[in-house]
Amino acid sequence: RNQKRSIEDHMAEEMQNALDSYGKVAFKRFVDSVPMICVQIMKRFPKMINDTLSDISDSEIERLVAAPSSAIESMNALKKEVETLEKGIDTVKGLAKRGLDA
């Protein structure tokens, strides 16, 4: 029974080594193929975009690329806040300058 077990262990070890080797080769092939796939995609991308966009109206493109109204509202609120802070900075600078002149 011990002899049979050691043969099974030996076979399992050989199988593990073969699978490890296969995994290393398969991973290398996968890594090597990724740049080729990217190049193929990039070659096809301009035509795909042109074909897709040629069927879309200008108003649809505007709708797709426009910022959501909530984002526009937030930007406007932040712009007002920046303007208020800049006015405050100018006021403080003016006060500081008058204090130095006195």
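When we talk about charge here, Lys and Arg count as positive, while Asp and Glu count as negative. Keep that in mind as you look at this predicted model. The protein is built from three helices and zero strands, and its radius of gyration of 34 Å is well over the 13 Å that the globule rule gives for 102 residues, so the chain is more spread out than a compact globule.

**Overall build**
- Start at the N terminus and you'll meet the elements in the order α-α-α.
- Helix α1 covers residues 2-54.
- If you follow the C-alpha trace along its principal axes, the protein spans about 105 × 50 × 25 Å.

**Inside and outside**
- How much of the protein is made up of buried residues? The share is 0% of the 102 residues.
- The protein exposes about 9800 Å², and 61% of that comes from carbon and sulfur atoms.

**Charges**
- Going by the counting rule at the top, you'll find 16 positive and 17 negative side chains in the protein.
- The centres of these two sets lie 3 Å apart.

**A nonpolar patch**
- Which residues make the nonpolar surface patch of about 540 Å²? They are Ile37, Ile41, Met42, Phe45, Ile49 and Leu53.
- Take a look at Leu53, which is found in helix α1.
- Leu53 has a relative accessible area of 40%. Buried means under 20% and exposed means over 50%, so Leu53 falls in between and is called partly exposed.

Notes
Residues numbered from 1 in each chain as written. Predicted model: local features only at pLDDT ≥ 70, side-chain atom pairs only at ≥ 80, totals over all residues. Heavy atoms only, no water. Helix = DSSP H or I, 4+ residues; strand = E, 2+ residues; numbered from the N terminus. Rg over C-alpha atoms; globule rule 2.2 N^0.38 Å. Buried < 20%, exposed > 50% of the residue type's maximum accessible area, 1.4 Å probe, protein only. Areas by Shrake-Rupley, 256 points an atom, 1.4 Å probe, with all protein chains shown as cover. Charge placed at Lys NZ, Arg CZ, Asp CG, Glu CD. Patch = residues over 30% accessible without salt bridge, like charges linked within 9 Å, V, L, I, M, F, W, Y side chains within 5 Å. Salt bridge = Lys/Arg side-chain N within 4 Å of Asp/Glu carboxyl O.
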